[in-house]
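User: Please take a close look at one part of this model for me. I would like to know how its helices pack against one another.

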Amino acid sequence: MLGGDEFISSPPRKTVRFGGTLTDILLKYEKGETTDFELLKHQLSDPDIKDAQIINWLHEFRASVVYLTKELDQLVSILLRLPWLKRSREVVEEYLGFLGNLVSAQTVHLRPCLRMIVSQFVPPRITIREDDVDISDSDDDDENLSENFNTCHRALQTVARYVPSTPQFLMPILVENFPFINKSERTLECYVHNLLRVTVYLPTLRLQILELIIEKLLKLDVSAPQQDIEDAEEAANNSDSEEKSTEEGLFDMEEDEERKGNKVVSSSSERMAHPLAERLDILMTILFSYIKDVCHVDGKLDINRTKDLYRDLVSVFDKLILPTHASCHVQYFMFYICSFKLGLAEAFLDHLWKKLHDPNNPSVIRQTAGSYIGSFLARAKFIPVVTVKACLDLLVNWLHKYIDNQDTGANAYCDVALHGPFYSTCQAVFYTLIFRHKQLLDGNLRKGLSYLQSLNFERVVMCQLNPLKICIPSVVNLFAAITRSKKTIDPFYQFWEELSAEDLENLKKPIKKGASEDEDDDFLKGETPQNDGVVGIAPNSYESNTRSPVSSIGSPADCYVPYPQ
């Protein structure tokens, strides 16, 4: 007999094995002897199985993967259900080795292995019942969650290393396992975060994964109408509960500050009252963080990485965002990446311009592209005035050419179905002017007014197509609503600025023919004769849209040119 101390320090005796080695058990099973095989399955399925037992079995399975053919998929399924992530480091390492051996020898089990790994991309599910209703969802309190996710990505990389075709089998599984939008914020957050991590070591999947994520974000976006979100925020602000939200109008929101009298009240709530809006906001924040991390190395912009990601995001924008009506927030991923470098913003504007003026594109796509141009020019603070002017020149020249082509035609009348891209371009121009008037007039008022007069808006607004009837005040702003993730966008966002009474009076004054650009003093005194007009916009229409309506919070109304049915 061993003494107490000797017993503790001595190695454990080898566990008595039934039926010999694993190879013996599998060979017996092939001959129809199933007793030991069933005992094996029972032991592997035992929730109280010890780490040492798991390690011993995995070690043998690694040496016997040649026997784990399609006919033994039930046994493989049991192995894939082992709770390996919650075990010791030794179990984890042995399991990762087993996965590598299995998929390299038996690719028939690749899909089940991938499904098992991806199923771990969300917190473990816990059972919760309230009034006999199953409301089970993720366990948010797992302290080892981050480490478990790291291990899952190691497992996926191990499989991909042994099977080069892993990406093409993985993508459908990522789609199938995407949580429903009514799952908890934590579940959605973890899954999206893990999807984006996959793109780091499987870059060939990045475009497809971005499409998947943004498609789901769009479903959240359109499922939570902006008015519903505003109502929920207002109701939360008006409630007397201790947990009420102090955020007034997170999405309300063409601005992210509210004007109350002469005071500006800043928003500071940590959560949104509308549950879908809260989910959307969390996922948008993750996407913004991903974009920033990909584009920056050691805090500096990596232009090649940024260009590559920009191309992928533009592709997603074209495929998903442009055809989607009533998206309010998701499109900000383009706004954000374009803020990193002016060249990206200009490339995006050029891309939208090509969509707009190409007659081979569907009318609805051309209209939406025009609306995005106007909204982007109006709201992107990082776009300088010189670029704004260049775009206005391009848009207005196109409008004049369009009018030239219509003046003598049979279709020269007001009709959205016939002239949708024209009206959308008019909206883009009007909206840009409304938001950028101060920059356009800043520095040298005479130069600014001369530039606006050179655009000859009078001809545009007075033409037979009558754009004012369609476009004003219904100017579209597709970069208007800002989420809680607004802090990411805030530094680049152009806010609404009203014209002062003095500015309005100056705009009404005519420009003196032949006057030099240095005669600002004379011009400001009004010592100029009447001539052919100021900015060729009907004064009443223009003035009514440079001042915020009583019911708004400082921005023009947000609505769309009606699409033809």
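**Helix packing around helix 6**

Analyst: In this predicted model, 74% of the contacts in the protein with a separation of 6 or more come from residues 24 or more positions apart. The protein holds 26 helices and eight strands. Of its 565 residues, 49% are buried.

Confidence comes next. The average pLDDT of the protein is 77, and 67% of the residues score at least 70. Residues 7-17 have a pLDDT below 50, and this stretch makes four contacts in the model beyond near neighbours in sequence. Residues 511-565 also have a pLDDT below 50, but there the model has 132 contacts beyond near neighbours in sequence.

Now to the helices. Two packed helices are described by the angle between their axes and the distance between the axes.

Take helix 4 and helix 6. Helix 4 covers residues 51-63 and helix 6 covers residues 89-105. Their axes come within 9 Å and cross at roughly 20°. An angle under 35 degrees counts as roughly parallel, so helix 4 and helix 6 are roughly parallel to each other. Their crossing is left-handed. On the helix 4 side, the residues in contact are Asp-51, Ile-54, Ile-55, Leu-58, His-59, Phe-61 and Arg-62. They meet Glu-90, Val-91, Glu-94, Tyr-95, Gly-97, Phe-98 and Asn-101 of helix 6. By class, this contact has seven nonpolar, three polar and four charged residues.

Next, helix 5 against helix 6. These two pack at an angle of about 150°, with their axes 12 Å apart. Angles over 145 degrees count as roughly antiparallel, so helix 5 is roughly antiparallel to helix 6. This crossing, too, is left-handed. Helix 5 brings Val-76, Leu-79 and Leu-80 to the contact. Helix 6 meets them with Tyr-95, Phe-98, Leu-99 and Leu-102. By class, the contact has seven nonpolar residues, no polar ones and no charged ones. Tyr-95 and Phe-98 of helix 6 appear in the contact with helix 4 and also in the contact with helix 5.

Helix 6 also helps to cover helix 7. Helix 7 runs over residues 110-118. Its buried residues are Leu-110, Cys-113, Leu-114, Met-116, Ile-117 and Val-118. What covers them includes helix 5, helix 6, helix 8, helix 9 and helix 10.

Helix 9, at residues 166-176, has its own buried set. Thr-166, Pro-167, Leu-170, Met-171, Ile-173 and Leu-174 are buried there. Their cover includes helix 7, helix 8, helix 10 and helix 11. Helix 7 is thus listed in the cover of helix 9, and helix 9 in the cover of helix 7.

Helix 8 offers a single residue to inspect. Thr-151 lies in helix 8. Buried means under 20% relative accessible area; Thr-151 has 10%, so Thr-151 is buried. Leaving out residues up to four places away in sequence, Thr-151 touches Trp-84, Leu-85, Val-92 and Leu-96.

One last residue sits in another helix. Phe-288 is found in helix 13, which covers residues 275-295. Phe-288 has a relative accessibility of 3%, so Phe-288 counts as buried. Phe-288 and Tyr-332 are 44 residues apart in sequence, and their C-alpha atoms are 9.0 Å apart in space.

Notes
Residues are numbered from 1 along each chain as its sequence is written. This is a predicted model: local features need pLDDT of at least 70, side-chain atom pairs count only at pLDDT 80 or more; totals for chains, interfaces and linings use all residues. Side-chain values use heavy atoms; hydrogens and water are left out. Axes are lines fitted to C-alpha atoms, for helices over the stretch in contact, and angles run from 0 to 180 degrees between N-to-C directions. Helices (H or I, at least four residues) and strands (E, at least two) are DSSP runs, numbered from the N terminus. Angles under 35 degrees count as roughly parallel, over 145 as roughly antiparallel, 65 to 115 as roughly perpendicular and the rest as oblique. A crossing is left-handed if the near helix is turned anticlockwise from the far one by less than a right angle, and right-handed if clockwise. Contact means heavy atoms within 4.5 Å. Ala, Val, Leu, Ile, Met, Phe, Trp, Tyr, Cys and Pro count as nonpolar, Asp, Glu, Lys and Arg as charged, and the others, Gly among them, as polar. Buried means under 20% relative accessible area, exposed over 50%, partly exposed in between (1.4 Å probe, protein chains only). pLDDT is the predictor's confidence in each residue, from 0 to 100.
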